[in-house]
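Q: Please take a close look at one loop residue and the neighbourhood around it. I'd like one connected account that starts from its contacts and works outward.

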Amino acid sequence: MGKFYSGFVSLIGRPNVGKSTLMNCLIGEKIAITSNKPQTTRNKITSILTKDDFQCVFLDTPGIHKPKHKLGEFMVRSAENTFKEVDLVLFWWNPQTRYWKRISMCWKNWAM
Ligand SMILES: Nc1nc2c(ncn2[C@@H]2O[C@H](COP(=O)(O)OP(=O)(O)OP(=O)(O)O)[C@@H](O)[C@H]2O)c(=O)[nH]1
Ligand SMILES: [Mg+2]
């Protein structure tokens with residue numbers, strides 16, 4: 001029997017960039033709600049892709065935005081919290097934004 005690989009992958013980015021659509025595509029089923037309205041995903045959604053030689057757990061997350069209320073704060077926090085749970089983060093991001101700098105700093109702290 002060959003090697004079996006497994007890991008956790010978080011999907012992170014601005015609202016409405018296609019995170020949930022990509023996860024559904026990778027899994028081959030409609031697990032997460034998708035729509036053309038930003039902030040459709042309100043909480044972390046987990047799905048598992050199992051193949052003969054690997055298993056991948058995807059974490060779809062709410063879009064990162066500047067929160068205007070408690071629900072928004074919860075959504076952004078639930079996305080950022082996945083950083084601590086995963087082996088890999090897939091980012092949809094403009095690297096010149098301030099948020100990206102903040103994440104790079106957080107990432108360094110977590111990696112130490
Ligand atoms: N043209 C195009 N549209 C896409 C693509 N992927 C997703 N969309 C559309 O973009 C919109 C948003 O898709 P979602 O998957 O809901 O986006 P999301 O990043 O999960 O959004 P939030 O949950 O609000 O953060 C939907 O109308 C999708 O049909 C793509 O690759 N190309
Ligand atoms: Mg979504």
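A: Let's start with A32, which, apart from neighbours within four places in sequence, is in contact with S20, M23, N24, T41, I45 and D60. Two residues count as being in contact if their C-beta atoms, placed from the backbone, lie within 7 Å. Everything here comes from a predicted model, in which local features need pLDDT of at least 70 and side-chain atom pairs count only at pLDDT 80 or more, while totals for chains, interfaces and linings use all residues. Residues are numbered from 1 along each chain as its sequence is written, and chains are lettered from A and ligands numbered from 1 in the order in which they are written.

A32 sits in the loop between α1 and β2. Helices (H or I, at least four residues) and strands (E, at least two) are DSSP runs, numbered from the N terminus. A32 counts as buried because it has 21 C-beta neighbours inside 10 Å. The scale is this: 20 or more other C-beta atoms within 10 Å of a residue's own make it buried, 12 or fewer make it exposed, and anything in between is partly exposed, with C-beta atoms placed from the backbone. In space, A32 and L22 are 9.8 Å apart, C-alpha to C-alpha, with a sequence separation of 10 residues.

Three of the contacts of A32, namely S20, M23 and N24, lead us to helix α1, residues 19-27, where the buried residues are K19, S20, M23 and N24. Looking down the axis of α1, these buried residues fall within an arc of 130°, so they line one face of the helix; the arc is taken over the directions from the helix axis to the C-beta atoms. Their cover includes β1 (5-13), β2, β3 and β4 (88-92). The helix lies across those four strands and runs at about 160° to β3. Axes are lines fitted to C-alpha atoms, for helices over the stretch in contact, and angles run from 0 to 180 degrees between N-to-C directions. Just after α1, G28 has a positive phi of about 85°.

Now for the sheet beneath these contacts. Its 4 strands form an open sheet in the order β2-β3-β1-β4, with mixed pairing. β2 and β4 are at the edges with a single partner strand each, so one side of each has no neighbour in the sheet. On average, neighbouring strands are turned by 20° against each other, direction ignored. Strands count as paired if DSSP finds at least two bridges between them. β1 and β3 run parallel and are joined by 7 bridges; among the partners, G7 bridges to C56 in β3, and L11 to D60, a residue that A32 also contacts. β2 (residues 45-50) and β3 (residues 54-60) pair in the antiparallel sense over 6 bridges, and 3 residues separate them in a hairpin. In this pairing, T46 has L59 as its bridge partner in β3, and L49 has C56.

Back in the loop between α1 and β2, we also find T40 and Q39. T40 is partly exposed because 16 other C-beta atoms lie within 10 Å. Beyond four places in sequence, T40 contacts S20, I33, T34 and S35, and S20 is also one of the contacts of A32. T40 and V76 are 36 residues apart in sequence and 13 Å apart in space, C-alpha to C-alpha. Q39 counts as partly exposed, as it has 14 C-beta neighbours inside 10 Å.

Some backbone angles are worth a look too. Most residues other than glycine have a negative phi. Q39, not a glycine, has a positive phi of about 65°, and N16, also not a glycine, has one of about 70°. N16 lies in the loop between β1 and α1 and is partly exposed, with 17 C-beta neighbours inside 10 Å.

Finally, the ligand. Around ligand 1 there are 16 residues, of which G18, S20, T21, T41 and G63 come nearest; a residue is near a molecule if its C-beta atom, placed from the backbone, lies within 6 Å of it. S20 and T41 are among the contacts of A32. The shell has 4 nonpolar, 11 polar and 1 charged residues, where Ala, Val, Leu, Ile, Met, Phe, Trp, Tyr, Cys and Pro count as nonpolar, Asp, Glu, Lys and Arg as charged, and the others, Gly among them, as polar.
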